[in-house]
Each structure stands twice: as structure tokens, then as C-alpha cells.
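Subject: Structure for you to look at

Hello,

Here is the structure I promised to pass on. Please open it alongside this email, and my notes on its salt bridges follow below.

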Amino acid sequence: MKKYFLLVFILAGILCSVSACKNSQVKQDNSKSSQTLSENQKSDILIISREEGSGTRDTFVQITGVLQKDTEGRYIDRTASQAIIANDPKEVIQKVADDKKAIGYLSLGEYLQYSGDDIKGMKVDNIKATKEAVKAEDYKLSRPFILAYRDDLNDLQADFLRYITGKGQNIVDEVYVAVKKPTSFLSLKPEGTLIVNGSTSVAPLMKALAEGYEKENPKAKIKINISDSTNGLTCAMQKKCDFAMSSRQLKDYEKEMLNEKIIAKDGIAIIVNKDNDITNCSMEQLQKIFTGEIKSYDAVK
């Protein structure tokens, strides 16, 4: 009987400890949420950033200088802790449209295809984000769209890649910047299914290219899995997909395991709410906004 009561006592103690840990964690989470809310309330600017792993975010922080070296020479993403995270371009648009204080960034191609009037684009260093400015290399916030793959392409993989870099450039040029002159294409019509995984920014273009290729080769099926650039590249390295879509440059270790083909060029548009009267900012101001140093649009005027 004594052993029974001792066991009950011990179990009760364990349950109390677990409950206390959970309550402590809830308090910590609530504290973090309250801190972020408090920081945003103190600022006249609501920062909308893409998630970690996003190729658009990787390119944005590199070009703007939000990616900085620490005292030990390591590169650190200094995106402000109070930034609101969006997981795809459509979410960026929605969050900016919903708040007059918001500012965000997304694929220029996605922005140009958006038909709403609740957001507007900002110039950077007095250069408007346009397809023409990206092509002329006047607009500095730009990057390639990359298709990455392993060695030894099979017939279907090779046929699809040949279409994208040939006739498919007509589709690229409708919204993005083509990297080659379109050429004629005659499919060898290999049969099978391809899986393409990766960037949310590249995905709309890839869907259009897949549809175009399937018309040329009815025996093929192209499946598009949308995640982010890093996840797509990891899947390709692990042989879980045929091609990876990336909206950033490949890292050295990724280049060791994968081949890459630039299939298009795209810009990164800076957007604000339609009621925001800011129309231009410098690259330096953009860096200070997204690191949280600039807290008011008055400092940008």
C-alpha cells in the first residue's frame, strides 16, 4: 500500500512538472507575440518579409545589404525580428493590401500579373521595376530563375529541358525576361512523368511551360510541387524530384551535386499599400527599413 501511494505521489509530481513547463512555454510564446506586436505598434512601418528558405528572400537580403557579416565573419540575415512572414507572393500582396503601414517584396512577374488596385510598386534608386529595366540591367533588384538537375538526364528530362530553352522562351518572354532567342522544337515524344519542385516565384512560369510542353508531347505528364528554392534543391540532390526550381543562385555545395540552367530573369518588386504616398527609396534606405533601423516613412521622404 505504501508503495502504491509513493507511486501516485511520484506520478502527480511528474504531471505537475509537465504542466508547469507547458504553462511556462505558453507564457514565453505569448511574451514573444506581445513583444512583436509592441515593436510593430512603435513603428510607422510594417515589414512584410518572405520566409527562410525562400530564394526571393535570399536574393533580396544579399542585394540590399540586409545580409551582413558578424564579428566572426559569418553572414547573418538581419531582417528585423518584428517582420511579418509571408510564405508566398500572394500572401505578401494580401498583407500589404490589408495595412496602410505595410511594405513588402515579391517576384516582379507576380506583381505585374496582379490586377488589383490596392497595392503599388515603389521605385528603387529612382528606377521603376519593369521587365525592360531588368533586361537592361538598370534595375538592380533582379535575379535569374534556375532549373537544377542531376547528371545523366533521361530522354524525357532532356526533351523537356530542350523545350524550355528553345520554344519555351516564347512563354518566358510574355512576362519575364527571356535568356535566349526562341527556337523551333520537335519533341521526340518520350513517355513518362516528371516531378519539378521548388520556388513559389518560379512556379507560375513553370506551370505555363509544363502546359506548353504537354501540348508538344501528349505522352508526358509534368507535376509541379511548390515549396521553396532551398527545399526544391534539397529534393533534387536527394533524387526525390527530376528538377528543382530556384529563384536564387545555387550555393557551392549545391553546385557540386547539381547542374543548373538559367531559364529566365526576373526582378524583385517593392510594394506598399495604395494609400502610402512614398514612391521611391534608395537601396540604403531599403536596407535600413528591413533591418528595423528606419521606423518611419518620414525618414524616406
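By the rule used here, the count of salt bridges comes to 16. Please keep in mind as you read that this is a predicted model.

Let me start with a pair that you may like to display right away. Arg248 and Asp58 meet through their side chains in a salt bridge, with 3.1 Å from N to O. Arg248 sits in the loop between strand S10 (243-246) and helix H10 (252-257), while Asp58 belongs to helix H2 (residues 55-64), so this salt bridge ties together parts that are 190 residues apart in sequence. Are these two residues buried or exposed? Both Arg248 and Asp58 are buried.

The next pair is Arg143 and Asp266, whose closest N and O atoms are 3.3 Å apart in a salt bridge. Here the partners come from two strands: Arg143 lies in S7 (residues 142-149) and Asp266 in S11 (residues 259-273), so the pair ties together parts that are 123 residues apart in sequence. Arg143 is buried, and Asp266 is buried too. Returning to the earlier pair, Asp58 and Arg248 also belong to a network with Glu254, joined by salt bridges that share partners.

A third pair to look at is Glu110 with Lys90, where the side chains form a salt bridge at 3.9 Å from N to O. This one links distant parts of the chain, with Glu110 in helix H4 (residues 108-112) and Lys90 in helix H3 (residues 89-98), 20 residues apart. How do the two partners stand in terms of accessibility? Glu110 has a relative accessibility of 10% and therefore counts as buried, the cut-off for that being under 20%. Lys90 has a relative accessible area of 59%, so this residue is exposed, since exposed means over 50%.

Now for the chain as a whole. Its secondary structure comes to 11 helices and 12 strands. Of the 301 residues in the chain, 45% are buried. The chain exposes about 16000 Å², and carbon and sulfur atoms supply 50% of that area. As for contacts with a separation of 6 or more, 77% of them are between residues 24 or more positions apart.

If you have only a few minutes, I would begin with the Asp58, Arg248 and Glu254 network and then turn to Glu110 and Lys90. I would be glad to hear what you think.

Best wishes

How values were computed: Residues are numbered from 1 along each chain as its sequence is written. This is a predicted model: local features need pLDDT of at least 70, side-chain atom pairs count only at pLDDT 80 or more; totals for chains, interfaces and linings use all residues. Side-chain values use heavy atoms; hydrogens and water are left out. Helices (H or I, at least four residues) and strands (E, at least two) are DSSP runs, numbered from the N terminus. Buried means under 20% relative accessible area, exposed over 50%, partly exposed in between (1.4 Å probe, protein chains only). Contact means heavy atoms within 4.5 Å. Accessible areas come from the Shrake-Rupley method with a 1.4 Å probe; for residues, only the protein chains shown count as cover. A salt bridge is a side-chain nitrogen of Lys or Arg within 4 Å of a carboxyl oxygen of Asp or Glu.
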